[in-house]
Amino acid sequence: LPASFLGLHQVVAFQPDIISGAKPIGIEGFESLKKLEVKTIVFVDGVPPDVETAEKLGIKTVHIPLTYEAPSPKQILELATAVSRGREPGVVYIHCHQ
């Protein structure tokens, strides 16, 4: 079942180092990610991420905007690369709008 944290909703762990959920809300959402030991956030919605807040907390950001259509082969490769090689060692959080 999805979990919620301060400023962070619909959080689901797919494995210990890959979690997903809704967009972090305010500094509280980013602080909750920090407490969850997230080192990289992969943003897949069209809105540019709050890179400044993430960087202040030592969290790397990767922005791969997707639409509601099926991802293209290039986008799939970018996502796979971001999760497997383009992240800092530790937990990765994949977030979309909802």
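Among contacts in the protein chain between residues at least 6 apart in sequence, what percentage join residues at least 24 apart? In this predicted model, the figure comes to 49%.

**Figure 1. The whole chain, with 3 helices and 6 strands.** Reading from the N terminus, the elements go β-β-β-α-β-α-β-α-β. The radius of gyration works out at 12 Å, close to the 13 Å that the globule rule gives for 98 residues, so the chain is as compact as a globular protein of that length. If you're setting up a box, the C-alpha trace spans about 35 × 25 × 25 Å along its principal axes.

**Figure 2. The largest nonpolar core, 13 residues in all.** The residues with the most contacts inside this core are Ile19, Phe30, Leu33, Val38, Ile41, Ile59 and Tyr93. At least two core residues apiece come from β2 (8-15), α1 (26-35), β4 (38-43) and β6 (91-95). Strand β4 gives the largest share, with 3 residues.

**Figure 3. Zooming in on Ile41 and what it touches.** Skip the neighbours within four places in sequence, and Ile41 is still in contact with Phe30, Leu33, Ile59, Lys60, Thr61, Val62 and Tyr93. Four of those partners, Phe30, Leu33, Ile59 and Tyr93, also sit on the list of residues with the most contacts inside the core, and so does Ile41.

**Figure 4. Another core, of 8 residues, apart from the largest one.** Among its members are Ile18, Val42, Val62 and Ala82. Val62 may ring a bell: this residue is also one of the contacts of Ile41.

**Figure 5. Ala3, over in strand β1.** That strand covers residues 3-5. Is Ala3 buried or partly exposed? Its relative accessibility is 28%, so Ala3 counts as partly exposed. Beyond its neighbours within four places in sequence, Ala3 is in contact with His9, Gln10 and Val11. For a distance to check on screen, take the C-alpha atoms of Ala3 and Gly21: they are separated by 8.9 Å, with the two residues 18 apart along the chain.

**Figure 6. The surface of the chain, about 6000 Å² of it exposed.** Carbon and sulfur atoms supply 61% of that area. As for what is tucked away, 35% of the 98 residues count as buried. On the electrostatics side, the chain has 9 positive and 11 negative charges, and the mean positions of the two sets are 5 Å apart.

Key. Residues are numbered from 1 along each chain as its sequence is written. This is a predicted model: local features need pLDDT of at least 70, side-chain atom pairs count only at pLDDT 80 or more; totals for chains, interfaces and linings use all residues. Side-chain values use heavy atoms; hydrogens and water are left out. A nonpolar core is a set of buried Ala, Val, Leu, Ile, Met, Phe, Trp, Tyr and Cys residues joined through side-chain atoms within 4.5 Å. Buried means under 20% relative accessible area, exposed over 50%, partly exposed in between (1.4 Å probe, protein chains only). Helices (H or I, at least four residues) and strands (E, at least two) are DSSP runs, numbered from the N terminus. Contact means heavy atoms within 4.5 Å. The radius of gyration is taken over C-alpha atoms; the globule rule is 2.2 Å times the number of residues to the power 0.38. Accessible areas come from the Shrake-Rupley method with a 1.4 Å probe; for residues, only the protein chains shown count as cover. Lys and Arg count as positive and Asp and Glu as negative; His and the chain ends are not counted. The place of a charge is taken as NZ of Lys, CZ of Arg, CG of Asp or CD of Glu.
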